[in-house]
Amino acid sequence: MRTCRFRAGGQERWGVIEGDRVRALNGEPWAGGLAEGKPLPLAEVTLLAPVRPSKVVCVGRNYAAHAREMGTEVPKQPLLFLKPPSAVIGPGEEIRCPPGSSDVQHEAELGVVVGRALSRAGAAEARQAIFGYTCLNDVTARDIQREEKQFTRAKGFDTFCPVGPWIDTGLDPAELTVACRVNGAERQRGSTRDMVFDPYALLAFISNVMTLLPGDLVATGTPEGVGRIEPGDWVEVEVSGLGLLRNPVA
Ligand code: MG
């Protein structure tokens with residue numbers, strides 16, 4: 001099943017995608033929202049970010065090759081940081097480069113959407129609590145990240161968390177290709193099989209720090225090849241089976 005959030009006729013709704021059509025849901029997809037009303041052609045609606053998370057929990061250096069390109073080691077335990085929910089944008093929305101940075105970079109990642117509350121869980125329970133997967137761009141002001149110990153400012157600017165275009169609930173995350181293109185030129189291509197900690201281990205680890213709530217989003221780290229984006233660029237994140245998340249840079 002593919003779920004989404006969309007705008008049509010001035011209204012924002014949760015939805016379920018059926019082929020080239022979308023049907024509205026009467027509630028959040030992970031809370032048992034049921035389809036209602038007539039299906040609409042997908043081409044006639046605006047897809048929004050498919051989640052409205054209470055928090056976005058991100059994992060740093062979860063691919064060895066990316067840790068190497070950053071000149072750092074793979075952490076012994078998952079390295080966690082947060083992006084504020086206000087950073088989330090949907091497909092087609094502008095990533096805005098803040099005036100305080102001259103090195104804004106893309107990070108293509110697999111996003112995990114939590115389906116039910118998860119606290120102090122093991123990997124098996126964490127697996128059961130996953131609602132689905134989506135594409136995510138962990139946009140980063142690299143110059144600010146290098147200047148400061150904390151990642152909050154470098155990773156937390158408004159628009160620095162593009163997500164979408166939808167959530168797929170039937171995917172096995174073990175061997176997915178995670179790719180990034182800027183203006184059509186490939187910058188990143190990795191596989192989730194090279195993650196240091198897999199999604200189940202990550203959710204379990206996070207849940208032993210903070211309770212994950214339905215609709216929360218976990219960014220699972222980026223493969224190697226991160227690089228700069230500039231105003232006027234188009235950046236695409238593609239995860240196999242999850243479609244294409246495309247955003248302009250302003
Ligand atoms: Mg990242």
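This passage describes the metal site, two buried polar residues, the strand pairing and the nonpolar cores of a predicted model.

In the predicted model, the magnesium ion is coordinated by Glu-107 (OE), Glu-109 (OE) and Asp-138 (OD), at 2.0 to 2.1 Å. Along the sequence, these donor residues follow the spacing E-x1-E-x28-D. Glu-107 and Glu-109 are both buried. Asp-138 has a further partner, since its side chain makes a polar contact with the side chain of Lys-83 at 2.6 Å.

Lys-83 belongs to strand 7 and has a relative accessible area of 1%, which falls under the 20% limit, so this residue counts as buried. Besides the contact with Asp-138, the side chain of Lys-83 reaches the backbone oxygen of Phe-160 at 3.0 Å. When residues up to four places away in sequence are not counted, Lys-83 touches Val-56, Cys-58, Asp-138, Val-139, Lys-155, Phe-160 and Cys-161.

Two of these contacts, Val-56 and Cys-58, are residues of strand 6, from which Val-56, Cys-58 and Gly-60 point one way and Val-57 and Val-59 the other way. Five of the five residues of strand 6 (residues 56-60) are buried, and the strand is therefore largely enclosed by the rest of the structure. Strand 6 pairs with strand 7 (residues 79-83) in the antiparallel sense over five bridges, and within this pairing Leu-82 of strand 7 is the bridge partner of Val-57. Strand 6 is also joined by three bridges to strand 16 (residues 217-219), with the two strands running parallel; here Cys-58 stands opposite Ala-219.

A second buried polar residue, Thr-159, is located in the loop between helix 4 (152-156) and strand 13 (161-168). Its relative accessible area is 4%, again under the 20% limit, so Thr-159 is classed as buried. The side chain of Thr-159 reaches the backbone nitrogen of Arg-96 at 2.9 Å, and, with residues up to four places away in sequence left out, Thr-159 touches Ser-86, Ala-87, Ile-89, Glu-94, Ile-95 and Arg-96.

Strand 13, which follows this loop, is mostly covered, with eight of its eight residues buried. Several strands pair with strand 13. Strand 1 (residues 2-8) does so in the antiparallel sense over two bridges, with Thr-3 opposite Ile-167. Strand 8 (residues 88-89) pairs with strand 13 in the parallel sense, likewise over two bridges, and Ile-89, also one of the contacts of Thr-159, stands opposite Pro-162. Strand 11 runs antiparallel to strand 13 and is joined to it by three bridges, with Cys-135 placed opposite Gly-164.

Two open sheets were also identified. One has four strands in the order 15-14-18-19, with antiparallel pairing. Strand 15 (185-191) and strand 19 (244-248) stand at its edges with a single partner strand each, so that one side of each is left without a neighbour in the sheet. On average, neighbouring strands of this sheet are turned by 15 degrees against each other, direction ignored. Within it, strand 14 (residues 177-182) and strand 15 are connected in the antiparallel sense over six bridges, and Cys-180 stands opposite Gln-188 in strand 15. The other open sheet has three strands in the order 12-9-17, again with antiparallel pairing, and its edge strands, strand 12 (140-141) and strand 17 (227-228), each pair on one side only. Strand 9 (residues 104-106) is paired with strand 12 over two bridges in the antiparallel sense, which places Gln-105 opposite Thr-140.

The largest nonpolar core of the model has 39 residues, and those with the most contacts inside it are Leu-203, Leu-212 and Ile-229. At least two residues of this core are supplied by each of strand 10 (108-114), strand 11 (130-137), strand 14, helix 5 (199-207) and strand 18 (234-239). Leaving aside neighbours within four places in sequence, Ile-229 is in contact with Ile-95, Cys-97, Val-104, Gln-105, His-106, Val-139, Val-182, Val-235 and Val-249; of these, Val-139 is also touched by Lys-83, and Ile-95 by Thr-159. Apart from the largest core lies another, of 20 residues, including Trp-14, Ala-49, Ala-87 and Val-113.

Conventions:
Residues are numbered from 1 along each chain as its sequence is written. This is a predicted model: local features need pLDDT of at least 70, side-chain atom pairs count only at pLDDT 80 or more; totals for chains, interfaces and linings use all residues. Side-chain values use heavy atoms; hydrogens and water are left out. Two strands pair if DSSP finds at least two bridges between them. Axes are lines fitted to C-alpha atoms, for helices over the stretch in contact, and angles run from 0 to 180 degrees between N-to-C directions. Buried means under 20% relative accessible area, exposed over 50%, partly exposed in between (1.4 Å probe, protein chains only). Donors are N, O and S atoms within 2.8 Å of the metal (3.2 Å for Na, K and Ca); water is not among the atoms, so sites may look incomplete. A nonpolar core is a set of buried Ala, Val, Leu, Ile, Met, Phe, Trp, Tyr and Cys residues joined through side-chain atoms within 4.5 Å. Contact means heavy atoms within 4.5 Å. A polar contact is a pair of N or O atoms within 3.5 Å; within protein, one must be able to donate a hydrogen and the other to accept it, and residues adjacent in sequence count only if both atoms are side-chain atoms.
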